Amino acid sequence: MAAQRVLIVGGNGIISSSVSRFAVERGFEVTLLNRGRSTTRPAVEGAEVIVGDADDAASVAAAVGSREFDVVANFRAFRPEQVQADVDLFSGRTGQYLFISSASAYQKPIAQLPIVESTPLRNPHWQYSRDKIACEDLLVAAYRDSGFPMTIVRPSHTYDATLIPLEGAWTTLQRMLDGKPVIVHGDGTSWWTLTHARDFARAFVGLFGNPHAVGSPVHITGDESLTWDEITRLLGRALGVDPRIVHVASDAIAREIPDMGPGLVGDKAHSVVFDNARIKTLVPGWVATTPFAEGAREIAEWYLADPARQRVDTELDAAFDRLAAYAAG
């Protein structure tokens, strides 16, 4: 039996590189469509690469040509016009189209925990989330109207060794190392869910060609619940320090650092717990196996291995100083 042909739009990102690598390991015939530029992650050995720009529908169409695929997964679709272009291009040419949405699309504020796939979608704070919701609406209509074989996947804060899941990234870790106050939003006790890309990949690839996954959403998240204080301390421990945590209201952080506002007020400031029963039914035996204590060590090792990765944003660092002074009164 011939291997299933899989097209992955992306393939170099935090999630897509892990998915691509695992799909190759599982024997899928994987084609990656991206701009062919070097990244911080190694190339996926065993995958074909075709060059195209996911932001340009004509470029994607030219790269794909007349080829057909058993599975198409687009990790670079963020706006409804991109998804509509995919529906137009791949209708009748794929057995399954997987769209990577976001758990940030679930209603804010959250009315009830745990979050399930039928939890309403509404995020008035973050345009990114509203665009993902619009993409989902388009796919639901395409499935109902013409049977377009879509599967919607909603991840929650998926990371690998290159992604620091704190606001400020390396700037925040450098503050830990320097003994400076580290800003944590709210009172640090809200719950959050992190998902390692390796765990996500095993579940995601398990959806390939699964008829029970077509036409409906599923989220893929870790089961571990951590407070933001715990996340911060685990990263500090991985660096060998005890971080000096200072709590600042999310709204105050958003006023001081506007770029952080939408993702903070529209997502991270809210406690989340996800019910993963559906993905475990669709992919029997799957469970997330990487605790963040392990992930934090991987992050610390990756950044400490190369000084070039340790870039401090001086403006952001100064803003954190101002927030620490504000918290001190």
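This tour moves from the whole chain to its nonpolar cores and then to individual residues.

**The whole chain**

Begin with the full protein displayed as a cartoon; the model is a predicted one. Colouring by secondary structure brings out 12 helices and 13 strands. The radius of gyration is 20 Å, close to the 20 Å that the globule rule gives for 329 residues, so the protein is as compact as a globular protein of that length. Along the principal axes, the C-alpha atoms fill a box of roughly 65 × 45 × 40 Å.

Next, switch on the molecular surface. The accessible surface comes to about 14,200 Å², and carbon and sulfur atoms account for 51% of that area. Of the 329 residues, 53% are buried. Selecting the charged side chains gives 31 positive and 40 negative ones, and the centres of these two sets lie 1 Å apart. If contacts are displayed between residues at least 6 apart in sequence, 78% of them join residues at least 24 apart.

**The largest nonpolar core**

In soluble globular proteins, nonpolar side chains tend to be buried together. To view the largest nonpolar core here, select Val19, Phe75, Phe204, Leu207, Phe208 and Ile220, which touch the most other members among its 33 residues. Elements giving two or more residues to this core include the strands β1 (5-9), β2 (29-34), β4 (71-74), β5 (97-100) and β11 (217-220). The helices α1 (14-25), α6 (197-206) and α10 (277-282) also each give two or more. The largest share, six residues, comes from α6.

A second, separate core holds 29 residues, and Val184, Trp192, Ile299 and Ala300 are among them.

**Helix α6 and isoleucine 220**

Select α6 alone. This helix is mostly covered, with seven of its 10 residues buried. The buried positions are Ala197, Asp199, Phe200, Ala201, Ala203, Phe204 and Val205.

Now add isoleucine 220 and show its contacts, leaving aside neighbours within four places in sequence. Phe200, Ala203, Phe204 and Leu207 are among its partners. Isoleucine 220 also contacts Val153, Arg154, Pro155, Ser156 and Thr195, as well as Asn276, Ile279 and Trp286.

**The loop between α10 and α11**

Which residues outside its sequence neighbourhood does threonine 290 touch? Threonine 290 is found in the loop between α10 and α11 (292-304). Not counting residues up to four places away in sequence, it touches Tyr159, His196, Arg198, Asp199 and Gly295. With a relative accessible area of 12%, under the 20% limit, threonine 290 is buried.

Move to valine 287, which lies in the loop between α10 and α11. At 36% relative accessibility, valine 287 counts as partly exposed. Apart from neighbours within four places in sequence, valine 287 is in contact with Asp199, Arg202, Asp223 and Lys280. For a distance reading, pick its C-alpha and that of leucine 98: the two residues are 189 apart in sequence and 20 Å apart in space.

**Strand β13**

Select arginine 244, which lies in strand β13 (residues 244-248). Is this residue buried or partly exposed? Its relative accessible area is 48%, and arginine 244 is therefore partly exposed. Beyond neighbours within four places in sequence, arginine 244 is in contact with Gly179, Lys180, Pro181 and Val182. Threonine 232, 12 residues away along the chain, has its C-alpha 9.6 Å from that of arginine 244.

**Backbone details**

Change to a stick view of the backbone and go to the loop between β5 and α4 (127-146), where proline 109 lies. The peptide bond from lysine 108 to proline 109 is cis, with omega near -5 degrees. Proline 114 is also in the loop between β5 and α4. The bond from leucine 113 to proline 114 is cis, with omega near 0 degrees.

Continue to histidine 157, in the loop between β6 (150-155) and β7 (158-159). Although histidine 157 is not a glycine, its phi is positive, at about 40 degrees. Histidine 157 counts as buried, at 19% relative accessibility.

The final stop is alanine 169, in the loop between β7 and α5 (170-178). Alanine 169 has a phi near 50 degrees, a positive value in a residue other than glycine. At 33% relative accessibility, alanine 169 counts as partly exposed.

Technical notes: Residues are numbered from 1 along each chain as its sequence is written. This is a predicted model: local features need pLDDT of at least 70, side-chain atom pairs count only at pLDDT 80 or more; totals for chains, interfaces and linings use all residues. Side-chain values use heavy atoms; hydrogens and water are left out. Helices (H or I, at least four residues) and strands (E, at least two) are DSSP runs, numbered from the N terminus. The radius of gyration is taken over C-alpha atoms; the globule rule is 2.2 Å times the number of residues to the power 0.38. Buried means under 20% relative accessible area, exposed over 50%, partly exposed in between (1.4 Å probe, protein chains only). Contact means heavy atoms within 4.5 Å. Accessible areas come from the Shrake-Rupley method with a 1.4 Å probe; for residues, only the protein chains shown count as cover. Lys and Arg count as positive and Asp and Glu as negative; His and the chain ends are not counted. The place of a charge is taken as NZ of Lys, CZ of Arg, CG of Asp or CD of Glu. A nonpolar core is a set of buried Ala, Val, Leu, Ile, Met, Phe, Trp, Tyr and Cys residues joined through side-chain atoms within 4.5 Å.
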